[in-house]
Structures are given as C-alpha cells and as structure tokens.
Amino acid sequence: MTDADWLADRFEAHRGHLRAVAYRMLGSVAEADDAVQEAWFRLARSEIEEVRDLGAWLTTVVARLCLDQLRTRTARREVELDASVPDPIISSIDAIDPEQSAVLADSVGLAMLVVLDRLAPAERLAFVLHDVFGLPFEDIAPIVERSVVATRKLASRARQRVRGVDRDAAAVVPARASIDRQRAVIAAFLAASRNGDLEGLVRILDPDVIVRADAGPAGSPAGRSQVIRGAEAAARSALAFRRLAGGAHEALINGAPGYVVFDADRPYAILGFTLRGGRIRELDILLDPARLAALNLSAVTPTYHGPLS
C-alpha cells in the first residue's frame, strides 16, 4: 500500500463523521460534501506527520470551512429567513440507507435544522460541535476566535433557542411504531386536502401550526416564499394542495414521514412534517426548482405520470 492509499483509507474512516458535522452546520448535503472534499484536499497537501489526532484535525478543518460558508451565506441571503427550508435528506419510506443513516446519526429532524438555520454562525458552530458531537469548548474556542468563556456563552444562547423545538417530534428520528402513527396523520392530511375538507384539515393541524413555503430567491418560477401561521389559515392554504395530491409520493424526510410531489416525472415540492400531540405542528415545503433538481431523489420513484392540473 502506498502512502497516498494509506492516507486515503484513514480519511475514509472519518468521512461519515465529517459529513454529519457539515450537514448539521450547513443544512445542505451538497455543501456538506463540498466541505468534506475540501478537507481531503487540504489533508493531502499537509504534513501528516505533524497531525497528532487526525479525527480532531479534520473536524476542525471542516468546522472552519462551514463557518466561512455560513458567514458568506448570511451576507448574501436572498430568501426571507423565516420562510427558508434546509435541504432535506430523502429516503425510502421503508428504510434509511446506511450512507444516509451516517449523516442522520444522533438524529437531526428537518425542524431542528430550521432552528439551527436561525442561529448566528458562531452560535451554530459552538452548539453543534459541543452539544451534538461532544467537543470540548477548549477545542472550539480557537475556531470561532473567542475565549473559552465566550464560546460557552455562544453555545448557551444557541441552546436556549433550540429548547423550543419539540425534540420527540422534530429532533429525533422516530421509531418504526412512531413512523406508522405519523404516516396515518399525514395521510389524513393528504386525504382532507384532496377532498376539500376544510374542517377535517383544521382538526389535523395544531392550532399554532406554522407552514413555511420556500420557493427560492425573489423572482423564482415557483412563486413567492411565505410563512403561514394558525390552523385555519394553513387549512385554507392546504386546500390548494388538492390538485397536487395525485403526484404525492410517500418518503422519509430526514427520517420522518413526508411527501415528495411530482409533476409528471419532475419534482415539484417536498413536504416535511413535524407532529406534536398527534397533530401537525410544522409543515416545511421546499418548492425551489433549482434546489429540488439538485437533490438525490433516487429512493423515491414517481407513481404519477400526468399533469397536475
């Protein structure tokens, strides 16, 4: 085995962990993979003999790359923040494949990513590295260029915001029995939407439900991004979904039941649900055509091959 092969094998042993860190930091599989690939390039150019702990070194490199990306994103954000939806991981309704499981390890629901997206870049990094992956603040402080005390405060502020998430429904990949219960709820949502049943929709929705529809940057062909609050307003909006129901294909969205909606063979929307108390508490809809086209939807096979209208 050559030195290059040996180094590549050592890097591959850490790839799953690095992708998991980067995905939580960026909320985008493509951007996470780019960060991991750049970490490999930097490793290949480094003096490996000077690296004592390769895993810690790679995690630090990926964290710095993600922090830079978040700061750039914050400076040029085009979608209204309240309506933005992170890139979801799409799996078969029957199982999450091993590679996706590695990214979702330690659980990361779509609603949790939405909360993380609202944090300042340094807060997000401190929370993800310490609270999710257990890195000591002494190791995180140099990355965010703060003192250890200040870094603890960053994580504490982030933690306060994250506590508002219903962890049972939003942050934890549900057990099989829970998945079956959630499937029944969202199937009822789909049926009520298809049948124009306004009262039925209101019963399924939490009174304080939040619907985020991310159509992409201003001027997107998918229309305008928006946030809808409250069961009645959300139910009336959902009635428009009846024309899409025939193209809805069940899938796991970050480990929880949801739908990928197709217009013929073209992905039209992804719907991710967060439940609380047996009702829909949050509905995240990704409509941005450019982002939909870039997602890996190989686990979902369209069953509908006609126009939506």
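What follows is a walk through the sheet of this predicted model, the helices lying across it, and one buried helix residue.

The sheet comes first. It is open and built from seven strands, lined up as E1-E4-E5-E6-E7-E2-E3, with mixed pairing. Its edges are strand E1 (90-91) and strand E3 (226-229), each of which pairs on one side only. At the E1 edge, the partner is strand E4 (residues 248-253): the two run antiparallel and are joined by two bridges. Here Ser-91 sits opposite Leu-252 of E4.

Moving along the strand order, strand E5 (residues 256-263) runs antiparallel to E6, with six bridges between them. In this pair, Val-261 faces Ala-269 of E6. E5 and E6 make a hairpin with two residues between the strands, and Ala-264 there adopts a positive phi near 60°.

On its other side, E6 pairs with E7, again in the antiparallel sense, this time over seven bridges. Arg-276 and Arg-279, the latter in E7, stand opposite each other. This pair is a hairpin too, with two residues between the strands, and the turn residue Gly-277 has a positive phi of about 60°. As for E6 itself, the strand is mostly covered, with eight of its 11 residues buried.

Then there are the helices that lie across the sheet. Helix H5 (residues 110-117) crosses strand E2 (205-214), E4, strand E6 (266-276) and strand E7 (279-286), and its direction makes an angle of about 65° with E7. E2 also has helix H12 (residues 231-238) lying across it; H12 lies across E3 as well and runs at about 50° to E2. E3, then, is an edge strand with a helix across it.

The last stop is a single residue in a helix, Val-36, which belongs to H2 (residues 29-44). Val-36 counts as buried because its relative accessible area is 0%, against a cut-off of under 20%. Setting aside residues up to four places away in sequence, Val-36 is in contact with Phe-11, Arg-15, Leu-18 and Arg-19. For one of these contacts, Arg-19, the C-alpha atom lies 6.4 Å from that of Val-36, although the two residues are 17 apart along the chain.

Terms used
Residues numbered from 1 in each chain as written. Predicted model: local features only at pLDDT ≥ 70, side-chain atom pairs only at ≥ 80, totals over all residues. Heavy atoms only, no water. Pairing = 2+ DSSP bridges. Helix = DSSP H or I, 4+ residues; strand = E, 2+ residues; numbered from the N terminus. Contact = heavy atoms within 4.5 Å. Axes fitted to C-alpha atoms, helices over the stretch in contact; angles between N-to-C directions. Buried < 20%, exposed > 50% of the residue type's maximum accessible area, 1.4 Å probe, protein only.
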